[in-house]
Amino acid sequence: MNETNSVLVVGGAGYLGCVLVEELLSRGYDVTVFDRLFFGETPLRKFRDRIRLLTGDIRCTSPAIFERASALINLGGLSNDPTAEYNPEANHQMNTVATRTLAEMAKKQGVRRYIFASSCSVYDVGVVDEDRDVLLNEESPVQPRAAYATSKLAGELELMALHDADFAPVILRMGTLFGFSPRMRYDLVVNTFVKDAFTKGCLHLHYGGQMWRPLVDVRDAARAYVAALEAPEAVVSGQIFNIVCENFRISELAFRVREGLQAKGISADIKCAFQYAGIRNYRVSGKKIFQRLNYKPVISVQESVEYMVDQIREHGYTDFDNDRYYNIRWMKLLEQVKQTIDITGTIFDMPSSKPALELTPRRAHA
Ligand SMILES: NC(=O)c1ccc[n+]([C@@H]2O[C@H](COP(=O)([O-])OP(=O)(O)OC[C@H]3O[C@@H](n4cnc5c(N)ncnc54)[C@H](O)[C@@H]3O)[C@@H](O)[C@H]2O)c1
């Protein structure tokens, strides 16, 4: 039987997930996390004894994960361009197909509300299309080109196709997140600036830093999920909401980050390069969710950077070059390790005695 206020958070061990789960617990929710644990279980340790943790893959799971759920928040799957482009098929299966499969299961289990983590990258128009360089909203036509954004938009459409009187999908198109999380990422633009300030004393701008990006702090984003969870069904069912604090040109963003760093005694130069590198460019309105749910992000880039610096120092997230903080590097490393483990079975433990196997040549991932 579903319990009221019992939330299943798919991908709850990720960068946003850890912050959201803590927010949900502080508000008295009963939380189940379902996650493949690509980044381990450690980020959940602060509240590990207060959640139910299920490990598994969204591409092959069972309705049993919904046992206690009255709502589903789906943050799972591949979460950036490089990983999506590295393995487009896995990206499609996780971000589009599994988004639908989870919805079908939820619906059958009587779980009405399904909040889906989509992305403002669906609005990407690229730096070349000056005519479309305007503030976009949820009604704007979208035609993403990149694998990641395409898979998110397709996931949205799958969910909307299942929307009816018994099933209430809600789509949150988030801007690029920034800020501290116990599952830290240094591959997101603001966090990368902070990491670069620590390691190189310099923030690097590509393409003159002229491209626009919508941004929002990870704690503000977590509050948006709570708002979508607690809003009356009639207000959010079948709706798309952008989650954006502010739109910045990357050049201005660098100056704001630098202000936050300076407040913590860290000085950094800003260096600009002008080569073209297929950069995302879009700016997006966050008005709709304010008008309908009275939700507004409140954490500025400077505040977030100051908090991030304190947390990085306090909790020792200073091994900045660790692959774990960069999704594409980490996924590639896991793949390499798996290839070795497939052969060795164990590392220091004695392997179980088996007859010698003849290995066939392995094809590299395309
Ligand atoms: N971080 C951002 O700037 C941003 C912006 C817009 C949208 N989003 C979306 O928000 C969500 C969360 O982003 P994040 O930054 O926390 O990402 P993340 O990569 O840190 O977390 C994703 C989590 O999902 C889990 N996961 C991945 N594939 C899985 C699978 N097949 N089965 C089960 N679990 C799986 C991972 O183990 C991880 O814990 C993602 O859907 C992402 O696309 C993120």
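**Chatting through the ligand shell and a three-strand sheet**

Modeller: In this predicted model, the shell around the ligand divides into 13 nonpolar, nine polar and six charged residues.

Biologist: Nice. Which residues come nearest to the ligand?

Modeller: Of the 28 residues around the ligand, the nearest are G11, G14, Y15, R36 and S79.

Biologist: And which helices or strands supply at least two residues of that shell?

Modeller: There are α1 (15–26), β5 (113–119) and β8, each supplying at least two. The largest share is from α1, with three residues.

Biologist: You mentioned β8. What sheet is β8 in?

Modeller: An open one of three strands, in the order β8-β10-β12, with mixed pairing. At the edges stand β8 and β12, each with a single partner strand, so one side of each has no neighbour in the sheet. From one strand to the next, the twist averages 45 degrees.

Biologist: Does a helix come into the picture? Which strands does α8 touch?

Modeller: Helix α8 (residues 250–263) packs on the sheet and touches β10 and β12. The direction of α8 makes about 105 degrees with that of β12.

Biologist: Back to the pairing. Do β8 and β10 run parallel or antiparallel?

Modeller: Strand β8 (residues 176–178) pairs with β10 in the parallel sense, over three bridges. Among the bridge partners, L177 has V216 in β10, and F178 has D217 in β10.

Biologist: How many bridges join β10 to β12, then?

Modeller: Four, and β10 runs antiparallel to strand β12 (residues 246–249). One of the residues to look at is R213, whose bridge partner in β12 is F248.

Biologist: Is β10 largely enclosed or left open?

Modeller: Largely enclosed by the rest of the structure, because five of the six residues of β10 (residues 212–217) are buried.

Biologist: And a general one: where do side chains point along a strand?

Modeller: In a regular strand they alternate between the two faces of the sheet.

Biologist: Changing topic: how many residues are in the largest nonpolar core?

Modeller: That core has 99 residues. Those with the most contacts inside it are V9, L72, L172, V190 and V257. As a general point, nonpolar side chains tend to be buried together in soluble globular proteins.

Biologist: Let's take V9. Which residues does V9 touch?

Modeller: Leaving out residues up to four places away in sequence, V9 touches G17, L20, V21, V31, V33, I73 and L75.

Biologist: Great, I'll look at those on screen. Thanks!

Definitions and conventions. Residues numbered from 1 in each chain as written. Predicted model: local features only at pLDDT ≥ 70, side-chain atom pairs only at ≥ 80, totals over all residues. Buried ≥ 20, exposed ≤ 12 C-beta atoms within 10 Å, placed from the backbone. Pairing = 2+ DSSP bridges. Near = placed C-beta within 6 Å. Nonpolar A, V, L, I, M, F, W, Y, C, P; charged D, E, K, R; others polar. Axes fitted to C-alpha atoms, helices over the stretch in contact; angles between N-to-C directions. Contact = placed C-beta atoms within 7 Å. Core = buried A, V, L, I, M, F, W, Y, C linked by C-beta atoms within 7 Å.
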